[in-house]
Amino acid sequence: MTVPAGERGTTTVAPRAVRRIAERAAAEALPDGGSVLRGSAGVRGTSARISVGVRLPYPVRADEAARRIRERAAALTAALTGLSVPRAEVRVDALSAGPAPVVPEAVEAAPGPDGGRPGARIRAERRVPAAVLAAVGAVACGLALADVVAVRFGSAPAGWRTAVLDWAATHGPADSAVRIGGAAAALAGAWLLGCAFLPGLRRRLRMAAPGPEVRAVLDPKAAARILRERALGVPGVVWARVTVRRRRAGVRAGVGYGDPAEVRAEAVRVLGAALLELGLTRPPALRVRVRREAGLPSEPEESVKPVEPVPVAVERPDSAGRADAVTGQDAAGRSDAAVDGAPGTPDARDSLRDGGEA
């Protein structure tokens, strides 16, 4: 007997239960040091809308963390409640300080195997030399085996094998071709022995091993990226170039503001601590160079106020011997030689003389 759909009963999930499920799912996707502050949920028919407020540790990528929390909360809520979750919101309401960084001295003093000594180096895999040697050996052995089997069954020996044997029978150690071939074979053998016994990976930076069964190396490019990020965090540094080798780490930085000497001292302090935090068995020597960026003033320039013109009175005697005052505005627009009757000019002296005679 089939029961009608309207008489089978209904299942209702309370918004409170949906909220608790969403909060628990968000807590599972939080990074270390984060917490869920509050959440809310609303149910309408067969769909639910959830919203969760979280506290994230600092520093952290808030967008990536919120995306992971939103996806986890929506997927788990839909799976456990049977409701569709068309919309899920994540609010970053607060940031909390992360755990205290590892003290550089503690990283430097981390004991390795054999009483504090660094462990054995990681050996290179030598894939290319091994593949080339295996291919050459397989081809040579296959050709020789095929010829021997053919001769065993009554066939004539291969022409290349008889030619090699005839050439070897007619040439001795004094021939130049034999000496060159022997030297090439000796060099190839020495190279193969070096590949077999030397560990390789000379460019990698060895890290301190916390246990006898642990070996670790660090790529110099990764170390350079870490040091560059630390250098750009120093106040006053606008650009930085970092090169890291086994024995030396070089840093070149541009100073946009501040005293270059103070900026360099701060960069040396920050980068020195960063080198110790990398956990290397032998941190490379640090060398920092800074320079002020071209076009940036070393000190703020003071604004220069324009000098106001000072009015100057110039006497201009007339033919009667009287002197009329000429304002500074009139005198400023022309030179002394261009002023009619100005003192010191021939016209002025003639006017004075004529006035005196009159």
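**Exercise 1. Glu23 and its neighbours**

Task: Find which residues Glu23 touches, leaving out residues up to four places away in sequence, and decide whether Glu23 is buried or exposed.

Solution:
- Step 1. Keep in mind that you're working with a predicted model. Start by placing the residue: Glu23 sits in helix H1, which covers residues 15-29.
- Step 2. Now look for contacts, skipping residues up to four places away in sequence. You'll find Val36, Arg38 and Gly39 touching Glu23.
- Step 3. Check the relative accessible area of Glu23, which is 17%. Buried means under 20%, so Glu23 is buried.

**Exercise 2. Strands S1 and S2**

Task: Work out how many bridges join S1 to S2 and which way the two strands run.

Solution:
- Step 1. Mark the strands: S1 takes in residues 35-44, and S2 takes in residues 47-58.
- Step 2. Count the bridges between S1 and S2, and you get nine, with the strands running antiparallel.
- Step 3. Pick out one pair: Ser35 has Arg55 in S2 as its bridge partner.
- Step 4. Go to the hairpin, where two residues lie between S1 and S2. Here Gly45 has a positive phi near 70 degrees.

**Exercise 3. Two residues in helices**

Task: Sort Cys195 and Arg67 by how accessible they are: is Cys195 buried or exposed, and what is the relative accessible area of Arg67?

Solution:
- Step 1. Take Cys195, found in helix H7 (residues 176-197). Its relative accessibility is 16%, so Cys195 counts as buried.
- Step 2. See what is around Cys195. Not counting residues up to four places away in sequence, Cys195 touches Arg126 and Pro129.
- Step 3. Try a C-alpha distance too. Cys195 and Ala124 are 71 residues apart along the chain, and their C-alpha atoms are separated by 8.6 Å.
- Step 4. Move on to Arg67 in helix H2, residues 62-81. With a relative accessible area of 37%, Arg67 is partly exposed.
- Step 5. Do the distance check for Arg67 as well: the C-alpha atoms of Arg67 and Glu89 are separated by 9.6 Å, with the two residues 22 apart along the chain.

**Exercise 4. The second largest pocket**

Task: Find out which strands each supply at least two residues of the lining of the second largest pocket, and what classes of residue the lining has.

Solution:
- Step 1. Begin with the space itself: the second largest pocket holds about 190 Å³.
- Step 2. Look at the lining, which includes Arg241, Val242, Arg248, Gly250 and Arg289.
- Step 3. Match the lining to strands. S6 (237-244), S7 (248-255) and S8 (285-292) each give at least two residues, and S7 has the largest share with five.
- Step 4. Sort by class: six lining residues are charged, three are nonpolar and two are polar.
- Step 5. See how S6 and S7 fit together. They run antiparallel with seven bridges, and a hairpin of three residues connects them. Arg241 stands opposite Arg252 in S7, and both of these arginines line the pocket.

**Exercise 5. The whole protein**

Task: Say how many helices and strands the protein has, then describe its surface and contacts.

Solution:
- Step 1. Count the elements: 11 helices and 10 strands.
- Step 2. Of the 358 residues, 23% are buried.
- Step 3. The accessible surface is about 25,200 Å², and carbon and sulfur atoms own 56% of that.
- Step 4. Take the contacts between residues at least 6 apart in sequence: 60% of these join residues at least 24 apart.

Definitions and conventions:
Residues are numbered from 1 along each chain as its sequence is written. This is a predicted model: local features need pLDDT of at least 70, side-chain atom pairs count only at pLDDT 80 or more; totals for chains, interfaces and linings use all residues. Side-chain values use heavy atoms; hydrogens and water are left out. On a 1 Å grid over the protein atoms alone, a cavity is a set of points where a 1.4 Å probe fits but cannot get out, and a pocket is an open set with protein on both sides within 12 Å along at least five of seven lines; lining residues have an atom within 4 Å of a point. Grid points are joined across faces, edges and corners, and a volume is the space filled by probe spheres set on the points. Helices (H or I, at least four residues) and strands (E, at least two) are DSSP runs, numbered from the N terminus. Ala, Val, Leu, Ile, Met, Phe, Trp, Tyr, Cys and Pro count as nonpolar, Asp, Glu, Lys and Arg as charged, and the others, Gly among them, as polar. Buried means under 20% relative accessible area, exposed over 50%, partly exposed in between (1.4 Å probe, protein chains only). Contact means heavy atoms within 4.5 Å. Accessible areas come from the Shrake-Rupley method with a 1.4 Å probe; for residues, only the protein chains shown count as cover. Two strands pair if DSSP finds at least two bridges between them.
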